[in-house]
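Let's take a stroll through a protein model and look at a few of its helices and loops. Have a look at the structure first, then we'll go through it piece by piece.

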Amino acid sequence: MILTITLNAAIDKTYTVEEFKVGGNFRPSDMHALAGGKGLNVSRAAKALDCDVVATGFLGGHNGAFIEDGVRAMNVVPDFVYVNGESRICIAVLDPVFHTTTEIWERGPVISADSCSNLMDKLAELVPEANVVTASGSLPQGVPPNIYEDIGRLCRSLNKPFILDTSGQALLEGIKGKPTMIKPNIDELQMLIKKDIIEEDDILSAAKEIAQGGIEIVVVSMGEKGSLVLAYDKAYKVDAIKVKVVDPVGSGDSMVAGYAAAMEKGYSIEDMIKLGTACATANVVTYGAGTIERAKVEEFFGQISMRALS
């Protein structure tokens with residue numbers, strides 16, 4: 001079982017609007033509303049890979065009930081802590097003419113100290129039953145910045161692989177808990193090492209510096225340039241597959257799902273990287289964050305080009 005943690009869950013609404021611009025009035029040509037937040041995107045993609053998935057985190061109000069119904073609808077088991085207030089709504093506007101994505105993210109409810117304690121109690125019950133644990137996304141208001149560190153320490157104590165995908169202060173604090181894997185982009189990597197990154201060698205050096213802190217896998221996402229992966233002291237440059245972009249939102253979450261599924265299934269390092277990359281690519285060509293088709297994943301898996309750097 002893969003356990004996904006989404007502390008700031010949301011209703012993700014995606015609108016398709018041709019020639020979108022500020023100040024206009026528009027009727028979308030398409031709209032999707034999904035149970036979202038980065039961790040639930042991971043849940044959706046992992047389920048598409050035929051993994052058993054349990055989703056936890058915080059939910060609130062009518063929006064929270066909608067999200068929980070959506071989690072059940074994707075055949076993922078919901079086990080959330082309910083809080084006061086309403087779970088947030090996040091909006092993405094896709095413009096297929098100008099090839100832009102505009103996103104608006106609500107902040108979400110304020111989480112009390114008691115709710116944080118209740119979540120940690122729940123994780124103490126759920127983590128022992130999991131094969132892999134993932135935690136993704138921003139922290140809601142009221143949640144202490146070191147909560148991902150605490151979750152990482154819990155997973156370490158139980159010898160459970162833990163993938164952390166977050167940013168900012170949450171990432172700075174979270175790596176202290178020594179997650180098994182993190183997935184920073186270049187900006188986040190620079191923040192972690194407090195140095196400028198210019199060349200590919202700089203990325204590799206930064207990944208090695210972070211790995212020395214006890215993190216086994218550092219996946220540096222580089223957008224259209226692919227990714228650089230340092231996994232168990234082996235480094236790889238992975239090329240992005242050129243595809244027609246339909247909806248890029250959630251591609252990183254789908255990558256996390258691929259890595260988590262590969263860990264659970266005992267894949268080799270090379271096949272783990274390929275599955276993560278194939279899932280990210282399958283998300284890009286499909287409408288909806290974390291929405292992937294198994295056939296597309298298998299197709300892209302066979303097209304991944306990567307080379308060892310060390």
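Which residues are exposed on the other side of α2? Before answering, keep in mind that this is a predicted model. The exposed ones there are H62, D69 and A73. Now flip to the buried residues of α2: N63, G64, I67, E68 and V71. Looking down the helix axis, these buried residues sit within an arc of 140°, so they line one face of α2.

You can also check the length of this helix. Helix α2 covers residues 61-73, and its 13 residues at 1.5 Å each should span 18 Å. The C-alpha atoms at its ends are 19 Å apart, which agrees.

Helix α6 (residues 186-193) can be read in a similar way. Its buried residues include E188, L189, L192 and I193. Down the axis of α6, the buried residues fall within an arc of 125°, so they too line one face of their helix. What do they pack against? The partners are α5 (168-174), β11 (181-182), α7 (200-211) and β12 (217-221).

Next up is a pair of helices that cross. The axes of α8 (residues 251-265) and α9 (residues 269-284) come within 7 Å, crossing at roughly 145°. That crossing is right-handed. On the α8 side, the residues making contact include S251, M255, G258 and Y259, while α9 brings, among others, M272, I273, L275 and G276. Sorted by class, this contact has 11 nonpolar residues, six polar ones and no charged ones.

Finally, some backbone oddities. Most residues other than glycine have a negative phi. Here are some residues with a positive one:

| Residue | Phi | Where |
|---|---|---|
| H99 | about 55° | loop between β7 (88-95) and β8 (100-105) |
| N159 | about 60° | loop between α4 (147-157) and β10 (162-165) |
| N75 | about 60° | just after α2 |

Are H99 and N159 buried or exposed? A residue counts as exposed when its relative accessible area is over 50%. H99 has 69% relative accessibility, so H99 counts as exposed. N159 is exposed as well, because its relative accessible area is 71%. As for N75, its place just after α2 brings us back to the helix where we began.

Definitions and conventions: Residues are numbered from 1 along each chain as its sequence is written. This is a predicted model: local features need pLDDT of at least 70, side-chain atom pairs count only at pLDDT 80 or more; totals for chains, interfaces and linings use all residues. Side-chain values use heavy atoms; hydrogens and water are left out. Helices (H or I, at least four residues) and strands (E, at least two) are DSSP runs, numbered from the N terminus. Buried means under 20% relative accessible area, exposed over 50%, partly exposed in between (1.4 Å probe, protein chains only). Axes are lines fitted to C-alpha atoms, for helices over the stretch in contact, and angles run from 0 to 180 degrees between N-to-C directions. A crossing is left-handed if the near helix is turned anticlockwise from the far one by less than a right angle, and right-handed if clockwise. Contact means heavy atoms within 4.5 Å. Ala, Val, Leu, Ile, Met, Phe, Trp, Tyr, Cys and Pro count as nonpolar, Asp, Glu, Lys and Arg as charged, and the others, Gly among them, as polar. The expected span of a helix is 1.5 Å times one less than its number of residues. The arc is that of the directions from the helix axis to the C-beta atoms.
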